[in-house]
Amino acid sequence: MTIRTLDDLLSEGVAGRRVLVRADLNVPFDKANPSVISDDGRIRAVLPTIIALRDAGARVVVMSHLGRPKGAPDPKYTLAPVAVRFSELLGSPVVFADDTVGASAQDAVSRLTDGGVVLLENLRFNPGETSKDEAERGAFAAQLAAFGDAYVDDAFGAVHRKHASVYDVPALLPHYAGGLVLREVEVLSTLTGNPERPYVVVLGGSKVSDKLAVIQALLPKVDTLLIGGGMCFTFLKALGYEVGKSLLEDDQVDTCRDLLASGKIKVPTDVVVADRFAADAQVDTVTADAIPAEWLGLDIGPDTVAAFAEVLGTAKTVFWNGPMGVFELAPFAAGTRGVAEAITKVDGFTVVGGGDSAAAVRALGLDESAFGHISTGGGASLEYLEGKTLPGVAALEK
Ligand SMILES: Nc1ncnc2c1ncn2[C@@H]1O[C@H](COP(=O)(O)OP(=O)(O)O)[C@@H](O)[C@H]1O
Ligand SMILES: O=C(OP(=O)(O)O)[C@H](O)COP(=O)(O)O
């Protein structure tokens with residue numbers, strides 16, 4: 001099945017046409033200063049698509065989610081600061097609509113002139129975006145589709161979500177893949193064929209339940225899986241250790257025990273623990289079987305970094321998603337830094353995927369060019385590597 005691309009749309013001519021672009025502007029904010037964007041990589045990643053459309057005279061309507069609000073407006077998750085940064089990077093105005101499909105959005109879209117850009121408020125403020133009910137999703141999709149004459153998906157980080165803006169809108173409009181989606185899929189496809197071995201996958205981060213589901217499918221394809229970050233504690237619990245107040249998916253402990261039986265998974269042997277989730281917390285490094293009851297694990301320890309680096313030293317293909325610890329706070333950044341540095345030394349093809357993982361590479365001042373590819377999508381990359389059909393890609397193929 002062929003996918004029509006942004007270039008196809010541009011060659012059809014877009015001057016004066018309204019083009020609805022799904023972007024993934026789900027950027028991280030500074031933990032100490034929550035109104036400040038700490039990494040604008042995802043905004044930069046979609047700029048070529050927006051610039052091409054703007055310069056061709058399209059009327060561009062951009063839509064995105066931010067975080068995981070619960071289907072209702074929540075000021076904590078407004079895209080307003082993203083619109084400001086977006087406009088700075090674009091070098092031209094971005095009109096922010098302070099609702100998604102309501103009066104403000106309708107007004108902003110109706111006032112668009114050729115080459116103008118509107119950003120709608122967070123899609124997830126509307127329950128229809130993420131609903132499992134097809135009719136509810138479809139109704140929201142119809143409201144969004146009314147804003148466009150064509151649809152471009154350049155939200156690689158969200159193509160694994162069967163959400164209205166990703167899956168249902170393309171069924172209602174002529175649809176095209178943006179350059180970012182095409183490039184990401186092209187690079188990741190080199191890992192699904194016959195990756196050079198040893199093939200090592202490193203997983204961390206905080207979206208524990210999402211990722212535990214992926215591990216099962218990924219295990220047969222990889223030689224070694226290194227587990228750090230928030231997800232390691234469910235595995236440590238499966239080994240019979242107490243994990244204090246660390247992130248834990250209690251109902252997944254049995255699954256983790258089964259996964260460990262594969263013999264391919266390495267988990268931390270030491271952990272950096274803290275008495276609370278804060279940069280000025282009391283901090284200690286303990287063996288993985290000695291996490292104090294009231295404390296929480298916020299990074300992998302130095303012995304684990306050394307053991308992971310040894311495995312990575314022999315790897316020929318590496319995929320890494322999810323920070324090894326809370327790298328945003330200095331006392332918990334060493335694990336992520338150590339593993340990232342080990343990956344930069346790999347004599348083979350390396351891919352880093354995920355909004356926060358890519359942000360970590362930049363925040364820690366690592367050389368981005370030392371990685372083979374830095375993907376904007378963590379969960380999306382993982383599901384692609386797992387061999388799953390991605391709803392967003394399937395919708396573009398139809
Ligand atoms: N031990 C831990 N406990 C709590 N949060 C963690 C831990 N280790 C890493 N994290 C957090 O995980 C977040 C990133 O997770 P995730 O969204 O899954 O990664 P990505 O965006 O790269 O896919 C970071 O903000 C980091 O602070
Ligand atoms: O941040 C994202 O994914 P990632 O953390 O897996 O890279 C995407 O914006 C998707 O967000 P979601 O996992 O809340 O659907």
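# Two ligands and the residues around them

Ser375 sits in strand E15, which spans residues 373-375. This is a predicted model. Ser375 is buried, because its relative accessibility is 1% and the cut-off for buried is under 20%. Its side chain has a polar partner: one of its polar atoms lies 3.1 Å from the backbone nitrogen of Gly377. Leaving out residues up to four places away in sequence, Ser375 touches Phe156, Glu184, Val352, Gly353, Gly354, Ala358 and Ser381.

## From Ser375 to Gly354

Take one of those neighbours, Gly354. Where is Gly354 placed? It is in the loop between strand E14 (349-353) and helix H13. Gly354 counts as buried, because its relative accessibility is 4%. With residues up to four places away in sequence set aside, Gly354 touches Arg42, Asn321, Ser375, Thr376, Gly377 and Gly378.

Strand E14 also holds Thr350. Thr350 is buried, with a relative accessible area of 1%. Its contacts, not counting residues up to four places away in sequence, are Val318, Ile343, Ala370, Phe371, Gly372 and His373.

## Ligand 1

Now turn to the first ligand. How many residues surround ligand 1? There are 21, and the closest are Lys211, Asn321, Glu328, Asp356 and Ser357. Asn321 was met above, as a contact of Gly354.

Which parts of the fold supply the shell? Strand E12 (296-300) and helix H13 (355-363) each give at least two residues to the shell around ligand 1. H13 gives the most, with three residues. By class, the shell around ligand 1 has five nonpolar, 12 polar and four charged residues.

Oxygen atoms of ligand 1 lie at short listed distances from polar atoms of the protein. An oxygen atom of ligand 1 is 2.5 Å from an N or O atom in the Glu328 side chain. A polar side-chain atom of Asn321 is 2.9 Å from an oxygen atom of ligand 1. With Lys207 the partner is a polar backbone atom, 3.3 Å from an oxygen atom of ligand 1. Taken alone, ligand 1 exposes 580 Å², and the protein buries 92% of that.

A database record can be set beside this picture. An unreviewed UniProt entry places the feature "binding site" at Lys211, Gly297, Glu328, Gly354, Gly355, Asp356 and Ser357. Lys211, Glu328, Asp356 and Ser357 are also among the closest residues to ligand 1.

Gly297, from that record, lies in strand E12. Is Gly297 buried or exposed? It is buried, because its relative accessible area is 8% and buried means under 20%. Gly297 touches Phe233, Ser246, Val271, Val272 and Val273, not counting residues up to four places away in sequence.

## Ligand 2

The second ligand has its own shell. Of the 14 residues around ligand 2, Arg68, Arg124, Arg161, Lys207 and Gly379 come nearest. Lys207 also has a backbone atom 3.3 Å from an oxygen atom of ligand 1.

What classes of residue make up the shell around ligand 2? It has no nonpolar, eight polar and six charged residues.

Three contacts to oxygen atoms of ligand 2 are set out here.

| Residue | Partner atom in the residue | Distance to an oxygen atom of ligand 2 |
|---|---|---|
| Arg68 | N or O atom in the side chain | 2.8 Å |
| Arg124 | N or O atom in the side chain | 2.8 Å |
| Gly378 | polar backbone atom | 2.9 Å |

Taken alone, ligand 2 exposes 390 Å², and the protein buries 94% of that. Gly378, in the last row, is also one of the residues that Gly354 touches.

## Val267

One more residue completes the report. Val267 is found in the loop between strand E9 (265-266) and strand E10 (270-274). It is buried, with a relative accessible area of 15%. Val267 and Gly228 are 39 residues apart in sequence, and their C-alpha atoms are 6.6 Å apart in space. What does Val267 touch, not counting residues up to four places away in sequence? The contacts are Ile227, Phe235, Leu236, Leu239, Leu260 and Phe308.

Key. Residues numbered from 1 in each chain as written. Chains lettered and ligands numbered in written order. Predicted model: local features only at pLDDT ≥ 70, side-chain atom pairs only at ≥ 80, totals over all residues. Heavy atoms only, no water. Near = heavy atom within 4 Å. Polar contact = N/O pair within 3.5 Å; in protein donor to acceptor, adjacent residues only side chain to side chain. Areas by Shrake-Rupley, 256 points an atom, 1.4 Å probe, with all protein chains shown as cover. Helix = DSSP H or I, 4+ residues; strand = E, 2+ residues; numbered from the N terminus. Nonpolar A, V, L, I, M, F, W, Y, C, P; charged D, E, K, R; others polar. UniProt positions renumbered as here; feature names shortened; annotations may be inferred. Buried < 20%, exposed > 50% of the residue type's maximum accessible area, 1.4 Å probe, protein only. Contact = heavy atoms within 4.5 Å.
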